[in-house]
Amino acid sequence: MTIADMKENQRGVILYIRKDCDIKRRLFDMGFIKGNEISCVWKNPFGSPIAYSIEGSVVALRKPDAEKVGVVI
């Protein structure tokens, strides 16, 4: 499952970021690291962007980028 599949107020733990992700380095810098807890804060009714809480910050990602981050609930 990816973080794009998470429902609002659902928590999970990051498993991976796919190697073909264009913003992989930026995600690492924001705390998207294997083992970190993440929660879905808000989903746009149109599907994108999606807001996540991670490492004490709220980060919004486009759905195509969120589909490249794996998570376990």
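**Exercise 1. Determine in which sense β2 and β3 pair, and over how many bridges.**

Solution. In this predicted model, strand β2 covers residues 37–43 and strand β3 covers residues 50–54. The two strands pair in the antiparallel sense, and five bridges hold the pairing. One position to look up is K43, which stands opposite I50 in β3. The connection between β2 and β3 is a hairpin with six residues between the strands, and within that turn G47 has a positive phi of about 100°.

**Exercise 2. Follow the chain from β3 into β4, and find which residue of the hairpin takes a positive phi.**

Solution. Strand β4 comprises residues 57–61, and five bridges join β3 to β4 in an antiparallel arrangement. At the level of single residues, I54 has S57 of β4 as its bridge partner. The hairpin of β3 and β4 has two residues between the strands, and E55 is the residue with a positive phi, near 55°. As for burial, four of the five residues of β3 are buried, so this strand is largely enclosed by the rest of the structure.

**Exercise 3. Give the order of the strands in the sheet, and explain why β4 and β5 each have one side without a neighbour.**

Solution. Begin with the overall pattern, which reads β-α-β-β-β-α-β along the sequence and contains two helices and five strands. The five strands form an open sheet in the order β4-β3-β2-β1-β5, with antiparallel pairing. Strands β4 and β5 (69–72) stand at the edges and have a single partner strand each, so one side of each is left without a neighbour in the sheet. From one strand to the next, the twist averages 45°. On the other side of β2 in this order, strand β1 (residues 11–17) pairs with β2 in the antiparallel sense over three bridges.

**Exercise 4. Decide whether S39 is buried or exposed, and list the residues that S39 touches.**

Solution. S39 lies in strand β2. The relative accessibility of S39 is 12%, and because buried means under 20%, S39 counts as buried. Leaving aside residues up to four places away in sequence, S39 touches M6, Q10, R11, A51, Y52 and S53. Of these contacts, R11 also stands opposite S39 in the strand pairing.

**Exercise 5. Work out which parts of the chain the salt bridge of R11 and E37 links, and how exposed R11 and E37 are.**

Solution. The structure holds four salt bridges. In one of them R11 is joined to E37, with the closest N and O atoms 2.6 Å apart. This pair links distant parts of the chain, since R11 belongs to strand β1 and E37 to strand β2, 26 residues apart. R11 has a relative accessible area of 54% and is exposed, whereas E37, at 44% relative accessibility, counts as partly exposed.

Another salt bridge brings together the side chains of D20 and R18, at 2.7 Å from N to O; D20 is partly exposed at 41%, and R18 is partly exposed at 36%. R25 and D29 form a further salt bridge, in which the closest N and O atoms are 3.6 Å apart. Both R25 and D29 lie in helix α1 (residues 24–30), four residues apart, about one turn of the helix, and both are exposed.

Definitions and conventions:
Residues are numbered from 1 along each chain as its sequence is written. This is a predicted model: local features need pLDDT of at least 70, side-chain atom pairs count only at pLDDT 80 or more; totals for chains, interfaces and linings use all residues. Side-chain values use heavy atoms; hydrogens and water are left out. Buried means under 20% relative accessible area, exposed over 50%, partly exposed in between (1.4 Å probe, protein chains only). Contact means heavy atoms within 4.5 Å. Two strands pair if DSSP finds at least two bridges between them. Axes are lines fitted to C-alpha atoms, for helices over the stretch in contact, and angles run from 0 to 180 degrees between N-to-C directions.
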